[in-house]
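This briefing concerns salt bridges within helices. Please consult the sequence and structure shown below alongside the points that follow.

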Amino acid sequence: MVALLFPGQGSQFVGMGADLADAYPAARHAFEEADDALGTALSRVMWEGPEEELTATLNAQPAILAHSVAAYRVLEPAIGEVSFAAGHSLGEFSAHVAAGTIGFADALRLVRRRGEAMYDAGLERPGTMAAVIGLDDEAVAAVCAEVGATWGVVVAANYNAPGQVVISGEVGAVDAAREALTDAGARRALPLNVSGAFHSPLMEPAAAVLEAALEEVAFADPAFPVISNVTAQPVAESAAAKRLLVEQLTSPVRWVAGIQTLRSAGVGRFLEIGPGNVLTGLLRRIDRDAEGSALGTAAAAREALASASA
């Protein structure tokens with residue numbers, strides 16, 4: 001069984017997708033569609049930068065989605081039957097585009113609005129995030145609860161891999177939690193360069209904006225189940241997909257549990273579709289026996305297509 005994995009924010013880089021556009025008309029057309037849907041030259045920002053403009057949340061999110069969809073369109077003939085898809089945070093939208101739940105143009109506009117709303121929520125209630133290395137999930141959650149009782153909102157936001165959890169919340173609370181987590185045995189508790197406390201209660205204003213935007217968009221039942229970041233379980237119905245995309249903004253990304261769900265369902269092969277190879281690296285840390293490949297470049301696409309036609 002094959003599952004598609006779609007990366008989230010942070011995987012963007014200047015030059016992303018340019019090789020795909022040069023090599024494959026299907027990719028080039030996808031980037032043209034993205035520019036038309038957003039009414040701006042997103043592809044120019046992706047390929048030429050500057051990095052500060054690409055990294056801005058309102059650009060990074062549609063850029064990653066556009067790259068992911070362009071790569072998927074190129075690779076679709078080589079992939080064959082897909083059993084499941086999953087996406088890390090933003091990547092859940094890419095997964096739903098691949099599954100036919102949401103149209104590409106609608107998804108681009110949604111994730112741009114999502115990025116704007118997340119940035120605005122960060123201005124309204126300033127927050128930050130930090131990566132905690134070398135401490136188990138339960139210990140991280142317990143420290144966050146203890147610190148939060150005194151300092152304010154701080155929660156576990158991303159369960160990315162065993163011993164790798166991201167925390168999120170108010171600036172003072174995250175700083176206090178970093179110190180407490182180090183005292184509790186974490187090897188590192190590194191601050192992240194983000195514009196807000198994503199996947200925490202501080203994103204409630206953004207969730208309200210996204211919910212309103214989603215009501216204007218047609219959803220279909222996905223052609224194959226998409227794993228929800230919120231529940232780590234398959235979603236096979238449009239109303240649930242829409243609801244969980246809203247809940248995702250204020251809930252932790254349960255990536256480890258989602259991969260475990262896929263493995264339990266019989267998935268043996270994972271294909272990361274989009275920029276970078278972050279999810280393939282996490283997969284190796286979650287389950288060494290799982291087969292993973294990152295297929296976001298023209299070179300990787302050529303190899304996959306050649307293997308499929310051999």
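**Salt bridges within helices**

R178 is partly exposed, with a relative accessible area of 26%. In this predicted model, R178 forms a salt bridge with D175. The count of salt bridges in the model comes to eight, and three of these pairs, including D175 and R178, are set out here by helix.

**Helix α9 (residues 171-183)**
- The closest N and O atoms of D175 and R178 are 3.9 Å apart, a separation that qualifies because the cut-off is within 4 Å.
- Both residues of this pair lie in helix α9, three residues apart, which is about one turn of the helix.
- D175 is partly exposed, at a relative accessible area of 40%.

**Helix α7 (residues 104-124)**
- R109 is joined to D106 by a salt bridge, with 3.1 Å between the closest N and O atoms.
- Helix α7 contains both R109 and D106, and three residues, about one helical turn, separate them.
- R109 has a relative accessible area of 40% and is partly exposed.
- D106 is also partly exposed, with a relative accessible area of 24%.

**Helix α11 (residues 238-247)**
- A salt bridge links the side chains of E247 and R243, at 3.2 Å from N to O.
- E247 and R243 are about one helical turn from each other, because they are four residues apart in helix α11.
- E247 counts as partly exposed at 30% relative accessibility.
- R243 counts as partly exposed at 45% relative accessibility.

**General context**
- Side chains of opposite charge can pair when their charged atoms come close.

Conventions:
Residues numbered from 1 in each chain as written. Predicted model: local features only at pLDDT ≥ 70, side-chain atom pairs only at ≥ 80, totals over all residues. Heavy atoms only, no water. Helix = DSSP H or I, 4+ residues; strand = E, 2+ residues; numbered from the N terminus. Buried < 20%, exposed > 50% of the residue type's maximum accessible area, 1.4 Å probe, protein only.
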